[in-house]
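Please look through the sequence and the 3D model below before reading on. The report that follows goes from the smallest named pieces to the way they are put together.

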Amino acid sequence: PVYGQNQAPSAGRVIGANDRIAVAYVGVGGQGMAHVRSQKDHAQENNIVQAAVCDLYQKRLQSAKTFLGLADADTYTDHRKLLERKDIDAVVVSTIDIWHADVAIDALEAGKHVYGEKPMARYLEEGFRIYDTAKRTGKVFELGSQFCADPMYHKSAEWIKAGKLGP
């Protein structure tokens, strides 16, 4: 174990200072492709490589594969097969809402960090399962909440509090 820990680091690839972070995408519909495009535009500055995509719908899968220039071996219709890859460090979960929690938990269990689209879960119990799994595995789970971070919403809240928009 690393000094100060009482157990060895969780399973997964140990990333060196000069290694790129290998990211995979589960769900490459509208929101999933927004993440793919944005991260492709900023891949070098964020030190990532876009390694794999997964979707049940072949048209979306092929579109993402072509956009990223991936090989057939880097496309999946079953997220569990994608998660078997030891070279994947992080997963973006942009499936339909009912799969968010299960795919995120599977990814955390496989030793991957997870960026999950909102809603994080449909039910409180699913949310607790994600939290417990992230805590137990030591992996990071980040919930997408881009709108909350957008300055226009902060400005709107400021105007509302100041009474500038009426009662």
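Helices are DSSP runs of H or I with at least four residues, and they are numbered from the N terminus. With that in mind, helix H5 can be named as the element that is followed by glycine 111, a residue whose phi is positive, near 85°. The structure shown here is a predicted model.

**Overall layout**

The protein holds eight helices and six strands, and from the N terminus on these elements run β-α-α-β-α-β-α-β-α-β-α-β-α-α. Of its 167 residues, 38% count as buried. The protein exposes about 10,400 Å², and carbon and sulfur atoms supply 57% of that area. Among the contacts with a separation of 6 or more, 61% are made by residues that are 24 or more positions apart.

**The sheet**

In what order do the six strands of the open sheet stand? The order is S3-S2-S1-S4-S5-S6, and the pairing is parallel. The edge strands are S3 (75-76) and S6 (141-143), each of which pairs on one side only.

Strand S1 can be followed in more detail, beginning with its cover: five of its six residues are buried, so that this strand is mostly covered. S1 is joined to S2 by six bridges, and the two strands run parallel; in this pairing isoleucine 21 has isoleucine 48 of S2 as its bridge partner. Four bridges join S1 (residues 21-26) to S4 (residues 90-93), and these two strands also run parallel. Here alanine 24 stands opposite valine 91 in S4, while valine 26 stands opposite valine 93 in S4. In a regular strand the side chains alternate between the two faces of the sheet.

**Helix H5 and its surroundings**

Helix H5 (residues 100-109) lies across S1, S4, S5 (113-116) and S6, and runs at about 180° to S4. Is H5 mostly covered or mostly uncovered? Seven of its ten residues are buried, which makes H5 a mostly covered helix. The buried residues are His100, Ala101, Val103, Ala104, Ile105, Ala107 and Leu108, and what covers them includes S1, helix H4 (79-83), S4, S5, H6 and S6.

After H5 comes a loop that leads to S5, and alanine 110 lies in this loop. Alanine 110 has a relative accessible area of 27%, and because partly exposed residues are those between 20% and 50%, it belongs to that class. The C-alpha atom of alanine 110 is separated by 9.0 Å from that of arginine 85, although the two residues are 25 residues apart along the chain.

**Two pairs of packed helices**

Two packed helices are described by the angle between their axes and the distance between the axes. The table gives these two values for two pairs in the model.

| Helix pair | Angle | Distance between axes |
|---|---|---|
| H1 and H3 | about 5° | 11 Å |
| H5 and H6 | about 10° | 9 Å |

Because angles under 35 degrees count as roughly parallel, the angle of about 5° makes H1 (residues 30-41) roughly parallel to H3 (residues 58-68). In this contact Met33, Val36, Arg37 and Lys40 in H1 meet Ala64, Phe67 and Leu68 in H3. The residues of the contact divide into five nonpolar, no polar and two charged.

The helices H5 and H6 are, by the reasoning from their angle, therefore roughly parallel to each other. Ala101, Asp102, Ile105, Leu108 and Glu109 in H5 meet a set of residues in H6 that includes Glu126, Arg129, Ile130 and Thr133. The residues of the contact of H5 with H6 divide into five nonpolar, two polar and five charged.

**Backbone details in the loops**

Which peptide bond is cis, with omega near -5°? The bond is the one from lysine 118 to proline 119, and proline 119 lies in the loop between S5 and helix H6 (124-137).

Asparagine 47 has a positive phi of about 60°, although it is not a glycine. Its place is in the loop between helix H2 (43-46) and strand S2 (48-54), and at 26% relative accessibility asparagine 47 counts as partly exposed.

Key
Residues numbered from 1 in each chain as written. Predicted model: local features only at pLDDT ≥ 70, side-chain atom pairs only at ≥ 80, totals over all residues. Heavy atoms only, no water. Axes fitted to C-alpha atoms, helices over the stretch in contact; angles between N-to-C directions. Parallel < 35°, antiparallel > 145°, perpendicular 65-115°, else oblique. Contact = heavy atoms within 4.5 Å. Nonpolar A, V, L, I, M, F, W, Y, C, P; charged D, E, K, R; others polar. Pairing = 2+ DSSP bridges. Buried < 20%, exposed > 50% of the residue type's maximum accessible area, 1.4 Å probe, protein only. Areas by Shrake-Rupley, 256 points an atom, 1.4 Å probe, with all protein chains shown as cover.
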